[in-house]
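Let's work through a few short exercises together. Keep the sequence and the 3D view open as you go.

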Amino acid sequence: PTPPPPAMAPKKRPAATPTMTLKKRPAAAPARASVKRPAAAPVAISKRPAAVPKTPKGACPCPHSVANFREAIVECLDLSLKVDFARQTISGCCELTVKSVEKKAKFVVLDALHLAIKSVTDGDDKPVSWKLQAADGFKANFGEALVIDLPEGELVTKLRVNYETTEKSTAIQWLSREQTQGKQHPLCFTQSQAICGRSLIPCQDTPCVKTPFVLRVQVPAPLVAVASGEPVGEPVEAEGLRTFTYKQDVPVMSYLIALLVGDLESREIGPRSRCYAEPAVVGAAQAEFQDIVEEYLLTAQEVVGGSKYEWGSYNVAVLPSSFAYGGMENPNSTFMSASLIAGDRSLTTTLAHEITHSWTGNLVTNAYWKDFWLNEGFTRYIERRILGQLYGAAFRGLLLMVGYNDLVKNIEMLINSGKPNLTCLEPDIDNIDPDDAFSRVPYEKGSLFLLYLEQVVGGERRMTDWLKSYVEKFRGLSIETSDFKDHFVYFFKDVKAVAEIDWEYWLHGEGLPDFDLAAHVDKTLLERCRALADSWLQGSRPEGGIEQMKAQQVMLFLDHLINAVTAGATMAHDSLEAINSQYGLSNTRNVEIAYRWCLLGCKSRWPACLETVEQFLATHGRGAYVKPLYMAFFAFEPDRARSTFERNRISTHNGQVRLHAS
């Protein structure tokens with residue numbers, strides 16, 4: 001097999017002609033011993049208030065939550081939990097500090113989904129009246145309302161909810177020991193974005209609400225627990241159980257309360273960073289991430305104008321390849337899929353993305369899920385600024401074109417699925433589960449919009465000045481798209497071209513925007529990708545391999561072939577055989593290349609690809625790969641695709657099963 005291509009700074013190549021004509025779309029209507037962990041003792045949280053939503057009083061509540069946060073808001077969470085692998089449950093006590101926003105607030109309403117509530121008491125352990133009731137309207141699809149009475153005349157109240165998760169929890173994935181790398185101990189992890197936090201803890205499960213928290217978690221010895229906070233002390237071991245404690249002083253959304261439990265070791269990868277992984281993986285993870293984390297952190301801080309990194313440590317926890325995302329930006333402990341350890345650092349671009357969330361997403365947050373692009377579009381834009389600053393403008397241009405092709409594929413998928421409204425940057429998803437609306441559109445169309453704004457205001461330096469102001473103004477808050485727009489327009493009030501921006505077109509227009517990306521990027525690395533693809537499409541068999549190409553160039557080469565086949569071109573099966581023989585793509589370790597190779601095979605209706613496709617789907621769980629690949633597989637061989645899905649269902653994260661099945 002051909003070794004994976006290198007990923008460092010590119011060599012200079014001659015400029016290419018534009019690689020794609022953009023379609024126009026009309027605007028739409030509105031080491032084990034070295035693991036240091038905490039003692040189970042009272043933990044004080046730094047005095048920071050919960051982040052009250054920035055949106056004005058009286059605005060519509062979150063359409064995906066029943067929380068009455070404008071009347072009573074959760075200011076702090078103190079969690080004492082126990083992980084039971086035999087019963088596959090997490091149980092314990094969730095202590096909430098609730099502040100009455102309205103003087104006459106009689107109760108606090110929490111989101112709850114598939115939780116068994118045992119009791120509710122006050123700070124003195126006296127019983128408090130509570131009830132679980134059905135949510136109104138479409139919100140009934142997202143769980144129940146846990147309504148707890150508040151004492152009259154009290155501004156701040158402590159409440160303790162004793163509860164247990166159930167087998168239906170959408171936030172927790174349980175792996176048997178046979179499903180792990182070491183095959184000696186089981187493993188579990190949580191993934192709560194977008195609205196699965198309510199199936200892990202009773203909470204105000206909306207990005208409008210941010211709270212600091214303490215998490216004490218009891219796990220079977222010798223397992224290790226890693227969570228989205230700073231460790232406190234050493235683990236306490238007694239009667240075959242180990243208790244770990246973490247605290248998060250920075251107020252965060254409920255979906256960022258995360259936990260990983262398994263047979264884990266840790267290794268240092270930077271002055272403020274460690275990686276955690278199973279023993280069979282930790283060495284490869286350390287080699288992949290060593291020192292690059294700090295480099296990304298420092299460069300990210302430069303791109304956002306020197307804005308402070310708020311979180312202290314930055315660690316990476318490596319999850320099995322069945323993890324439904326490439327990475328998840330849990331503070332102090334980014335969760336990364338093992339599938340992204342390519343062995344040559346070619347996929348550490350995802351790490352740059354998750355690091356960027358430390359500012360955009362975790363610090364400045366979308367208030368509602370319709371504004372998700374404020375998290376992901378901003379993060380994708382800054383991520384590529386980081387990588388361009390480190391590896392050159394041509395590499396940034398290459399990444400932008402790869403992203404654009406991802407956008408093309410996603411828009412095609414959404415339109416063919418009868419969901420053109422989800423191609424808007426700020427879509428109406430009030431009656432849609434945010435997970436069902438998930439795609440690359442917020443990432444890539446959002447990033448494209450910010451690149452367009454960069455051209456409007458005069459380049460990267462001006463955007464960095466604005467990003468600094470943006471982060472400082474909205475630090476710790478949850479905002480809407482209108483808040484971003486108002487701030488941008490005011491900041492650039494002296495730039496005449498800003499008045500000509502068609503906001504409606506960019507924010508609410510369906511499909512691809514009319515923006516010539518190729519005219520605004522360094523095309524040095526693009527020419528060879530297109531020329532190689534054209535040669536194969538024309539039936540020739542060009543000499544030479546792809547060894548000297550960057551991984552993203554190989555991705556773009558395959559994207560050109562995929563786009564051509566989608567547009568009606570024929571890719572001869574003997575040509576696909578020759579590509580595989582010459583380049584060894586069926587054996588690549590790079591998951592992004594492997595995904596595209598499988599997708600091309602299915603779209604070309606090439607029977608010889610099916611075994612590779614099945615192996616890919618049995619190994620990887622990331623939604624960005626498996627959803628479009630299952631759709632293409634189903635269009636080619638529906639019965640075989642269906643049976644493959646059923647075989648893999650057990651290892652698919654609960655939050656993704658419905659998505660793939662649909």
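**Exercise 1.** How many disulfides does a search of the whole structure find?

*Solution.* Start with the ground rules: this is a predicted model, where local features need pLDDT of at least 70 and side-chain atom pairs count only at pLDDT 80 or more, while totals for chains, interfaces and linings use all residues. Residues are numbered from 1 along each chain as its sequence is written, and side-chain values use heavy atoms, leaving out hydrogens and water. A disulfide is a pair of cysteine sulfur atoms within 2.5 Å. The search finds 0 disulfides.

**Exercise 2.** Find which residues have the most contacts inside the largest nonpolar core.

*Solution.* First, the terms: a nonpolar core is a set of buried Ala, Val, Leu, Ile, Met, Phe, Trp, Tyr and Cys residues joined through side-chain atoms within 4.5 Å. Buried means under 20% relative accessible area, exposed over 50%, and partly exposed in between (1.4 Å probe, protein chains only). Next, the result: the largest core has 205 residues, and F484 and F488 have the most contacts inside it. Helix α5 (residues 393-416) gives the most to this core, with 12 residues; helices (H or I, at least four residues) and strands (E, at least two) are DSSP runs, numbered from the N terminus.

**Exercise 3.** Work out which strands stand at the edges of the sheet β3-β6-β5.

*Solution.* Two strands pair if DSSP finds at least two bridges between them. Here 3 strands form an open, antiparallel sheet. β3 (107-112) and β5 (130-134) each have a single partner strand, so one side of each lacks a neighbour in the sheet. Finally, β3 pairs with β6 (residues 144-149) over 6 bridges.
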